[in-house]
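Hi everyone, thanks for coming. I'd like to walk you through a protein model today, one piece at a time. Let me put it up on the screen.

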Amino acid sequence: MKLSARLAAIVDALPLAPGMQVLEIGCGTGAAARAVAARLGTGHILAIDRSAKAVAQAKAASAAEIASGRMTARPAAIEDFEPEPGEGPFDIVFAVRVGALDGRHPEAGRRAVPRIAAVLAPGGRVFVDGGDPLRELPV
């Protein structure tokens, strides 16, 4: 599946490097996660979404990335996120159109930020849409 121009610009703007551990919050059908997985070499992306239906679609569309060990997808809301064994710490966390992080749902955001901070690697960075094309969140 071809990435939209907007998602391609977002993925291009992420400071990705081979071997990184990445968390995508609000993965939807997994298009950006697949593009990130292709750039990580031996790294890994965990794609989460609060919608079990979206995660099922992401898993179905990402069978090759999941089989290769470069991607995992599971349902989770960031404000309740707990890493499972082997997940994280994450070098990069990113989110596109996630209400808890873009100001639309401030209470969820207040609960989400400590969850994100807890799973960041030392020097880890958090990016959300709304910049040109991304902005970095201080966590």
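Let's start with a pocket. Look at β2, residues 44-49, and α5, residues 99-102: each of them gives at least two residues to the lining of the second largest pocket. Before I go on, please keep in mind that this is a predicted model.

So, how much volume does the second largest pocket have? About 180 Å³. There are 15 residues lining the second largest pocket, and the ones nearest its centre are Gly-26, Arg-50, Val-98, Gly-99 and Ala-100. If you sort that lining by type, you get eight nonpolar, three polar and four charged residues.

Now for the largest pocket, which holds about 210 Å³ of space. Its lining is made of 16 residues, with Leu-7, Cys-27, Thr-29, Ala-31 and Ala-32 closest to the centre. Two helices, α1 (5-13) and α2 (31-37), supply at least two residues each to the lining of the largest pocket. As for the mix there, seven are nonpolar, five are polar and four are charged.

Since α1 just came up, let's stay with it. Which residues of α1 are buried? They are Leu-7, Ile-10 and Val-11. Looking down the axis of α1, you'd find those buried residues inside an arc of 95°, so they line one face of the helix. A quick reminder from the textbook: an α-helix has 3.6 residues a turn, so residues three or four places apart point the same way. On the other side of α1 you'll find Ala-5 and Asp-12, both exposed. And what lies over the buried residues of α1? The cover includes α2, β5 and β6.

One more residue while we're on this helix: Ala-9 also belongs to α1. Is Ala-9 buried, partly exposed or exposed? Its relative accessibility is 34%, so Ala-9 counts as partly exposed. From Ala-9 to Ala-32 is 23 residues along the sequence, and the C-alpha to C-alpha distance between the two is 10 Å.

Next, helix α3, residues 52-61. The buried residues in α3 include Ala-54, Val-55 and Ala-58. They sit on the same side of α3, because the arc they cover around the axis is only 100°. Turn to the face pointing away from that buried side, and there you have Lys-53 and Ala-60, which are exposed. Among the elements covering the buried residues of α3 are α2, β2 and β3, the last of these being residues 71-75.

Let's move on to the strands, with β4 as our anchor. Five of the six residues of β4 are buried, so β4 is largely enclosed by the rest of the structure. With β1, residues 21-25, β4 pairs in the parallel sense over four bridges. Leu-23 is placed opposite Val-93 of β4. β4 pairs with β5, residues 120-129, as well, again in the parallel sense, this time over five bridges. In that case it's Phe-90 that stands opposite Leu-120 in β5.

Now a stop in the loop between β3 and β4 (90-95), where Glu-79 has its place. Why does Glu-79 count as buried? Because its relative accessibility is 8%, and the cut-off for buried is under 20%. Leaving out residues up to four places away in sequence, Glu-79 touches Arg-50, Ala-100, Ala-108, Arg-111, Ala-112 and Arg-115. You may remember two of those names: Arg-50 and Ala-100 are also among the residues nearest the centre of the second largest pocket.

Pro-89 is in the loop between β3 and β4 too. The peptide bond leading from Gly-88 into Pro-89 is cis, and its omega is near -5°. There's another cis bond, between Asp-132 and Pro-133, with omega about 5°. Pro-133 is in the loop between β5 and β6, and β6 covers residues 134-137.

Last stop: Arg-97, in the loop between β4 and α5. Its phi is near 55°, so to speak a positive value in a residue other than glycine. Arg-97 counts as exposed, because its relative accessibility is 62%.

That's my tour. Happy to take questions!

How values were computed: Residues are numbered from 1 along each chain as its sequence is written. This is a predicted model: local features need pLDDT of at least 70, side-chain atom pairs count only at pLDDT 80 or more; totals for chains, interfaces and linings use all residues. Side-chain values use heavy atoms; hydrogens and water are left out. On a 1 Å grid over the protein atoms alone, a cavity is a set of points where a 1.4 Å probe fits but cannot get out, and a pocket is an open set with protein on both sides within 12 Å along at least five of seven lines; lining residues have an atom within 4 Å of a point. Grid points are joined across faces, edges and corners, and a volume is the space filled by probe spheres set on the points. Ala, Val, Leu, Ile, Met, Phe, Trp, Tyr, Cys and Pro count as nonpolar, Asp, Glu, Lys and Arg as charged, and the others, Gly among them, as polar. Buried means under 20% relative accessible area, exposed over 50%, partly exposed in between (1.4 Å probe, protein chains only). The arc is that of the directions from the helix axis to the C-beta atoms. Contact means heavy atoms within 4.5 Å. Two strands pair if DSSP finds at least two bridges between them.
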